[in-house]
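Please open the model in your viewer and keep the sequence beside it. The tour below moves from the whole chain to single residues, saying at each stop what to select and what is there.

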Amino acid sequence: MRSRPASAPAAASLPTATASSPAAPASAAVRARRWSAVEGGRFVGIDVARCLALLGMMVAHILPKMVGGRVPLAQRVATGNAAALFAVLAGVSLAQLTGGSTPHTGRRRRTADAAGIVVRAGVICLIGMLLEHLHPAGIAVILPYYGVLFVLGLPLLWLRPSRLFLVAGVWMLWAPVASQAFRLLDPTSVAGGFSGLSVAGILLRLLVTGEYPAFTWLAYLACGLAVGRLDLRRKDRAIQVMCAGALLAVAASLASYLLTSGTAVHARLVQSWTGPAVSSWPALQPHVQVGLEGVTPTHSWWWLAVNAPHSGSVADLAFTSGVALAVIGLALLVTRVAARCWQVLCGAGAMTLTLYSAHLIMVLPQTWPDYGRRRLLPEVSVVLAVGVVFAALRRKGPLETVVAVLSRSAARATDRALRRRRTAQPAR
C-alpha cells in the first residue's frame, strides 16, 4: 500500500498459514515440532515475515518520501519491498490453506477449497473498497487488488512447486511487456484510484492499470504458492529459499544496472518520463527511487529494465521477489529457536487485515493528529501491542475471524452440495 502519487508498500490480510504434512509416526511428529518453527499449528516464520511487511508499509506511509531532494534510507528499504513481501506471503498462505506440502486431493475437496477462497477474496475486496472510500486521493489500498489476485491464482493452486516457480519466472518476464503493450495501445488506461470509474473501468484498474495490478502481480502469488508447497518444517528448505531469494535479488539489481547505465538509455528515460518535469538523469533518479504508480511509462521499453519500486517492470518484479524470498527464508530459520516468543512478539503478523485496516483509519487526520514522522513510533507501538495481546491470548483478529468464518462456511456449503449431488445421481 502506498500513498499517491508516491510509492509505498501495502499490506493486506493474508489467509492463515498453517503447518500441513502427511500422517507420520508420533516420534517423527515430535521431532518435526521440536526442530521446526511451528507453534499452535502455524508457521511462526510466516507471521514474522508478515509483521515485518506490515511495519514496512507503515514506514512507507508515514515517513517523508524525500528529504533535501533525496530519498531516506528507510523509504528505500520499505517502498516496494513490503508490498511484494505481502503478495508472496499471500501465495504461501493460500498453499497452506489447501494442504501445504501435501495438497488436498479429490475434485469435491478442491472445489470446496476454491469456493472458500472466492468468498475470502470477495470479503477482502469489500473491506478494501470501504477503506478506499476513506482515502479517495491519499493512500492506495491494496486489498481490492488482493481479492482479484486470489481469484486469478485459482488455476495455479494444484501445480507442483517446480512448475509454480517456472510460472513465476515466465510471468515476471512477459507480463510487464504485455501490460506496457496494452497500455501503449490504449492511451485512456491511466493509473489512479477508483473514484468516478464504471464497473469496466474498475476491473481494468484492478487488473492492469492500478497501483498493484493483479495481472502483473500474479508472479508474486505463483512464487509464494511454490514456497508454500515446500515442506517448510525442514531447515534445508528455509536455507534454500533464503539463498535463492538473495541470489535473485542481486542478479536482478545487477542486470538492471548493466542494462540502464548507458548515457543514451538515461536520455531516453528522461525523455519518456511522465512525472514531474526533469532535465537530467540525476534529477530523475530520486523520483525513480520513490517509486512509480504501479506501472511503467509507456513511451520507452527501457523502463522494463529499470529497478523502480512499484513500477511492475521485469527488474522490479524479480528484485522484490528475491527480497521477499530471502526474508521468508530467514524468518523461517530464526524462528526455529523460541518459536513461541517470536509468535507473541510478532503477533501483529497473524492479524494483518485487522491491523492494516486500523492503520488506514489511524492515518486519517481526523483520527490521529498529524505530527509527521513523530507519529510513526506511537502507531507502530499500538500495532505491536495489540498483536502481542492477541497472540498471548491465542486469539484471532476480529476481521480475520469474520473472513475465516465466511470462507469456511462457503467451503462446507459447497462440499455438502456436491455430496448431495453425487448421492442423487442414479447409479450407472
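Helices (H or I, at least four residues) and strands (E, at least two) are taken here as DSSP runs, numbered from the N terminus. Show the whole chain as a cartoon, and by that definition 17 helices and 4 strands appear. This is a predicted model, in which local features need pLDDT of at least 70 and side-chain atom pairs count only at pLDDT 80 or more, while totals for chains, interfaces and linings use all residues. Residues are numbered from 1 along each chain as its sequence is written, and side-chain values use heavy atoms, with hydrogens and water left out.

**The whole chain**

Colour the chain by pLDDT, the predictor's confidence in each residue from 0 to 100; the mean is 87, and 87% of the residues reach 70 or more. Select residues 3–16, where the pLDDT is below 50 although the stretch has 96 contacts in the model beyond near neighbours in sequence, a contact being heavy atoms within 4.5 Å. Then select residues 20–36, where pLDDT also stays under 50 and the model has 18 contacts beyond four places in sequence. Where pLDDT is low, the predicted coordinates should not be read in detail.

Next, colour by burial, where buried means under 20% relative accessible area, exposed means over 50%, and partly exposed lies in between (1.4 Å probe, protein chains only). Buried residues make up 53% of the 428 residues in the chain. Of the contacts with a separation of 6 or more, 77% are between residues 24 or more positions apart.

**Salt bridges**

Now show the charged side chains, and look for a side-chain nitrogen of Lys or Arg within 4 Å of a carboxyl oxygen of Asp or Glu, which is what counts as a salt bridge here. By this rule there are 7 salt bridges. Select D47 and R42, whose side chains meet in one of them at 2.7 Å, N to O; D47 is buried at 3% relative accessible area, and R42 is buried at 13%. Adding R50 to the selection shows a network of salt bridges that links R42, D47 and R50.

Which parts of the chain does the pair of R108 and D415 tie together? The closest N and O atoms of this salt bridge are 2.9 Å apart, and because R108 lies in helix α5 (residues 107–134) and D415 in helix α17 (residues 398–424), the pair ties together parts that are 307 residues apart in sequence. R108 is partly exposed at 34% relative accessibility, whereas D415 is buried at 15%.

**Aromatic rings**

Show the rings of Phe, Tyr and Trp (its six-membered ring), which pair if their centres lie within 6.5 Å; planes under 30 degrees apart count as stacked, over 60 as edge-to-face and the rest as tilted. The structure holds 8 aromatic pairs. In W217 and Y220 the ring centres are 5.0 Å apart and the planes stand at 85°, so this pair is edge-to-face. These two residues are 3 residues apart in helix α9 (residues 214–228), separated by about one helical turn, and both W217 and Y220 are buried. Extend the selection to Y145 and Y212, and you have the cluster that ring pairs make of Y145, Y212, W217 and Y220.

Move on to W273 and W303, whose ring centres are 5.8 Å apart with planes at 35°, so the pair is tilted. The pair links distant parts of the chain, with W273 in the loop between α11 (263–272) and α12 and W303 in the loop between α12 and α13, 30 residues apart. Both W273 and W303 are buried.

**Two loop residues**

Most residues other than glycine have a negative phi. Select H310, in the loop between α12 (281–290) and α13 (314–334), where phi is positive, near 55°. R394, in the loop between α16 (376–392) and α17, likewise has a positive phi near 55°. Is each buried or exposed? H310 is buried at 4% relative accessibility, whereas R394 is exposed at 52%.

**A last stop in helix α10**

Finally, select L248 in helix α10 (residues 235–260), which is partly exposed at 29% relative accessible area. Not counting residues up to four places away in sequence, L248 touches A318, S321 and G322. The C-alpha atoms of L248 and V323 are separated by 8.0 Å, although these residues are 75 residues apart along the chain.
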